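I opened this entry to record which side chains meet in the model and where they lie. My notes follow in the order in which I looked things up.

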Amino acid sequence: MAKTNYSFEKRQKEIAKKKKQEQKRQRKIALKDAGVHPSEVDAIVPQASGNAALDRLEAGALRAVFGDRLASIPLVTVTPFLGDCAAGNGGVMVAIAAMC
C-alpha cells in the first residue's frame, strides 16, 4: 500500500510540474502575441480562483516569467470578489486592468 501511495504522490508532482511549465509557456506566448516584454508589464490581473492548487500553479508561472520583479508589480485580484464569471471573466478583468 505504501508503494502505491508513493507512486500516486510522485505522479501528482509530475503532473503539477507539467502544468506549471505549461502555464509559464502560455504567459510567454501571450506577452509575445501582445508585443510586450515582461519588463513593460505594470499590473497583473491573475485568475486567483481561490483553489489552493491552481493558485500555486499560477503564482509559480508568474514567478517564472517575471522573476524577482513580480514582487513589485501590483496584482489586481477580481475573482475572489466577483466570483468566476465564466466567459465574461476576461472582459471584466480587461476593464479593471484598464483602470489601473
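I began with the contacts of Leu 62, working on a predicted model. Leaving aside residues up to four places away in sequence, I found that Leu 62 touches Arg 27, Ile 44, Pro 46, Gly 67 and Leu 70.

I then looked up the largest nonpolar core, which has eight residues in all. Leu 62 belongs to this core, as do Ile 44 and Leu 70. The other members are Leu 31, Val 41, Val 65, Phe 66 and Ile 73. I noted that helix α2 gives the largest share of this core, three residues. In soluble globular proteins, nonpolar side chains tend to be buried together.

Arg 27, listed among the contacts of Leu 62, led me to the charged pairs. How many salt bridges does the count come to? I recorded two.

One of them joins the side chains of Arg 27 and Glu 58, at 3.4 Å from N to O. This pair links distant parts of the chain, with Arg 27 in helix α1 and Glu 58 in helix α2 (residues 52-66), 31 residues apart. Are Arg 27 and Glu 58 buried or exposed? I entered both as buried.

In the other, the side chains of Glu 22 and Arg 25 meet at 2.7 Å from N to O. Both residues lie in helix α1 (residues 2-34), three residues apart, which is about one turn of the helix. I entered Glu 22 as partly exposed because its relative accessibility is 30%. Arg 25 is likewise partly exposed, because its relative accessibility is 43%.

Conventions
Residues numbered from 1 in each chain as written. Predicted model: local features only at pLDDT ≥ 70, side-chain atom pairs only at ≥ 80, totals over all residues. Heavy atoms only, no water. Salt bridge = Lys/Arg side-chain N within 4 Å of Asp/Glu carboxyl O. Helix = DSSP H or I, 4+ residues; strand = E, 2+ residues; numbered from the N terminus. Buried < 20%, exposed > 50% of the residue type's maximum accessible area, 1.4 Å probe, protein only. Core = buried A, V, L, I, M, F, W, Y, C linked by side-chain atoms within 4.5 Å. Contact = heavy atoms within 4.5 Å.
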